[in-house]
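Here's a quick briefing on how this fold packs together. Have a look at the model first, then read on for the strands, the core and the aromatic rings.

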Amino acid sequence: MQFIHSQDDVWKRVGGEDGPKPRANALLSWEQWHAVRDTWPQGLSVGVIVPNTVDVEDLTDDLPRLSLLALQFPKWTDGRAYSQAHVLRARLRFKGEVRAVGEVLVDMMPLLHRAGFNTVQLRPDQREASARRALSIVTENYQGDVHATRPAFARTAL
């Protein structure tokens, strides 16, 4: 898991009165992406901030063009982004960066990893050292996830 700090992030939100201007590592809102997706240059890295109310399967045709999907946790108690990440990784086979943003707490780290997130932007009051420790506490899970799709009993069977 990679931890992202906003001051060091290569991905930058893009604005503008006439819509976002194409540039490498542009991070667009859901609305911006839908406004420019037909004209966005092929091969230019782009990321999209995806609200947790969106069906990520609506992005199926766009996935080859997207390098980053930032899935939102508006509240730490709202887990819809876990499902979005799982669908992106397990069903849609998205290979790009899946980032957790918003109310992301240390306690969420193991499940974020299991759901398919590979980058995290912690809430400002959370410590990266604690998040790294949380990832090392449980290293085996009985249930399958995006990394080991079969349950534990099926992984050990001959």
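**Strands, core and rings**

Strands β3 and β4 run parallel to each other, paired over four bridges. Keep in mind that this is a predicted model. From there, the picture builds outwards through β4 to the nonpolar core and a small group of aromatic rings.

**Around β4**

- On the β3 side, Leu28 has Val48 of β4 as its bridge partner.
- Add the helix α1 and you get a β-α-β unit: β3, α1 and β4 together make a right-handed one.
- β4 also pairs with β5, again in the parallel sense and over four bridges.
- Val48 turns up here too, with Leu69 as its bridge partner in β5.
- Which way do the residues of β4 point? Val46, Val48 and Val50 go one way, Gly47 and Ile49 go the other, and all of them are buried.
- In a regular strand, side chains alternate between the two faces of the sheet.
- With five of its five residues buried, β4 is largely enclosed by the rest of the structure.

**The nonpolar core**

- The largest nonpolar core has 40 residues, and the members touching the most others are Leu69, Leu112 and Phe117.
- Plenty of elements chip in: β3 (26–29), α1 (30–36), β4 (46–50), β5 (68–73), α2 (80–91), β6 (97–102), α3 (109–115) and α4 (128–137) each bring at least two residues to this core.
- Which of them gives the most? That's α2, with five residues.
- What does Leu69 touch, once you skip neighbours within four places in sequence? Its contacts are Val48, Val50, Leu59, Leu63, Leu88, Phe94, Glu97, Val98 and Arg99.
- Apart from this core there's another one, made of six residues, including Trp11, Leu27, Leu68 and Val101.
- As background, nonpolar side chains in soluble globular proteins tend to be buried together.

**Aromatic rings**

- How many aromatic pairs does the structure hold? Two.
- Phe73 and Tyr82 make an edge-to-face pair, because their ring centres sit 5.1 Å apart and their planes are at 70°.
- Both Phe73 and Tyr82 are buried.
- The pair of Phe73 and Phe117 is tilted, at 5.8 Å centre to centre with 45° between the planes.
- That pair links distant parts of the chain: Phe73 is in strand β5 and Phe117 is in the loop between α3 and β7 (119–120), 44 residues apart.
- Phe117 is buried, as is Phe73.
- Put together, Phe73, Tyr82 and Phe117 form one aromatic cluster.

Conventions:
Residues numbered from 1 in each chain as written. Predicted model: local features only at pLDDT ≥ 70, side-chain atom pairs only at ≥ 80, totals over all residues. Heavy atoms only, no water. Core = buried A, V, L, I, M, F, W, Y, C linked by side-chain atoms within 4.5 Å. Buried < 20%, exposed > 50% of the residue type's maximum accessible area, 1.4 Å probe, protein only. Contact = heavy atoms within 4.5 Å. Pairing = 2+ DSSP bridges. Right-handed = clockwise from strand over helix to strand, strands pointing away. Phe/Tyr/Trp six-rings, centres within 6.5 Å; stacked < 30°, edge-to-face > 60°.
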